[in-house]
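Visitor: Mind walking me through this one? I'd like to start with what's packed inside.

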Amino acid sequence: MKKSASVTLEPAAVRRIAGRYPFGHSGDIADADAGITPGEVVDVKGPGGKVIARGYFNPDGATPLRLLTWEREEIDLKFYRTRVKAAIKRREGRILNTDAVRAVYAEADGLPGVVADRFGDVLAVQLRNAGTERHRDLILKALKEVTGASSAYERSDTGERRREGLGMMAGPLWGDVPERVEFYEDDLTLHFAPMDAQKTGFFLDQRDNRRLMRSLVRPGAGFLDVYSYTGGFSLHAAKAGGKSVAVDKDQVALAALEGAARGNSVNGNVGVRWGDALEILAALEREKRTFGAAVLDPPTLAKRRDDVPRAKRIFTDGAAHALRMLENGGHLMISTCAHYIRVDDLLDAARVAAAEADCDAEVIAVTYQPADHPHLLSVPESLYLKSILLRKQA
């Protein structure tokens, strides 16, 4: 193996990183060779000079060190091909009744900064850091060879790239990318426009929760879908006979929902309300609307730990509105995709909301992200989706 530049860790960081934690922060770095360029693969050494890992190093990055391997191995096409194959194998037999799956989930699959979602025969890819940008051709070749996807597009237009000093990248990667990507989930046909959609196109991580909420829908009962985006929860509820109201401020997403409702012959059971979620909730309450079930699934409200108190207040306000409109015995799911918001934070917000709504609620379930978004013990950050399911009691 050819000689590489090296980075030396502070003593306090050695045990954590040797334990397969994949991030080295600026305070973890004791020394680095001169002239390392952003995204270069380096040897990572302890204070005694022993190499303990290898990874991408970006001297100017918000997280300068991203670990790839704890073995003495080349980071080449074979490496990326092996990691993608392992990610695919890890999901075999675990994601059922859909042709849409997260095929690669960054650090949780040993590929920091690489996210790939598969929708039928189309692959959506994000390359989020300087190392993945430097190895772009190798990573894309491995993804193409291993997945066999006939076409792929890139949505590397994330804030993480900006923090790495990189520009935004979006557009076709190979093959004939359709203007409308279609896939199925259970008995629903879903779609989105790849260049207009958020992130990689569709929120696959709520798949299990969509199925759970559908199982609770009573035919003819109202279903409230707050921060609906393209309305996956609404479509499942409508298919079960519920009367859904989807609330979102993204007009393109709501239009996609209306199209999907027509395509699945449930348009009579799906209504949309465009605007600020809390304002729409207040309006629905004034209209004396009632619902048998509701979902409160906002976008990331806490990108930093300091954002958590404000986020909890938004959850409380939204949940209080929803609980007041829920029928007695109705179900409310409150969900967060923010790493910094804990299950206890959701429970605290819900407890205050129930008091404001003059009711009580039973905690029926706590759920997490599905199997194609693996949560590794060594990577606490790989756990991000947390949801609580409540049953209203008078």
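Guide: Sure. A nonpolar core here means a set of buried Ala, Val, Leu, Ile, Met, Phe, Trp, Tyr and Cys residues joined through side-chain atoms within 4.5 Å. Keep in mind that this is a predicted model.

Visitor: OK, so how many residues are in the largest nonpolar core, and which have the most contacts inside it?

Guide: That core has 38 residues, and the best-connected ones are L224, F315, L323, L332, I334, I341 and I388.

Visitor: Which helices and strands each supply at least two residues of it?

Guide: On the helix side, α9, α10 and α11 (343-356) do. The strands are β14 (222-226), β15 (243-248), β17 (291-296), β18 (326-336) and β20 (386-393). The largest share comes from α10, with nine residues.

Visitor: And L332, what does that touch?

Guide: Leaving out residues up to four places away in sequence, L332 touches A294, V295, L296, A319, A322, L323, L326, I388, L389 and L390.

Visitor: What does the second, separate core include?

Guide: That one has 25 residues, F183, F192, A238 and A260 among them.

Visitor: Switching topic: at roughly what angle do α9 and α10 cross?

Guide: The axes of α9 (residues 277-286) and α10 (residues 308-325) cross at roughly 20 degrees and come within 10 Å. So α9 is roughly parallel to α10. Their crossing is left-handed.

Visitor: Which residues meet there?

Guide: From α9, L278, L281, A282, L284 and E285; from α10, I314, D317, G318, H321, R324 and M325. By class, that contact has six nonpolar, two polar and three charged residues.

Notes:
Residues numbered from 1 in each chain as written. Predicted model: local features only at pLDDT ≥ 70, side-chain atom pairs only at ≥ 80, totals over all residues. Heavy atoms only, no water. Axes fitted to C-alpha atoms, helices over the stretch in contact; angles between N-to-C directions. Helix = DSSP H or I, 4+ residues; strand = E, 2+ residues; numbered from the N terminus. Parallel < 35°, antiparallel > 145°, perpendicular 65-115°, else oblique. Left-handed = near helix turned anticlockwise from the far one by under 90°. Contact = heavy atoms within 4.5 Å. Nonpolar A, V, L, I, M, F, W, Y, C, P; charged D, E, K, R; others polar. Buried < 20%, exposed > 50% of the residue type's maximum accessible area, 1.4 Å probe, protein only.
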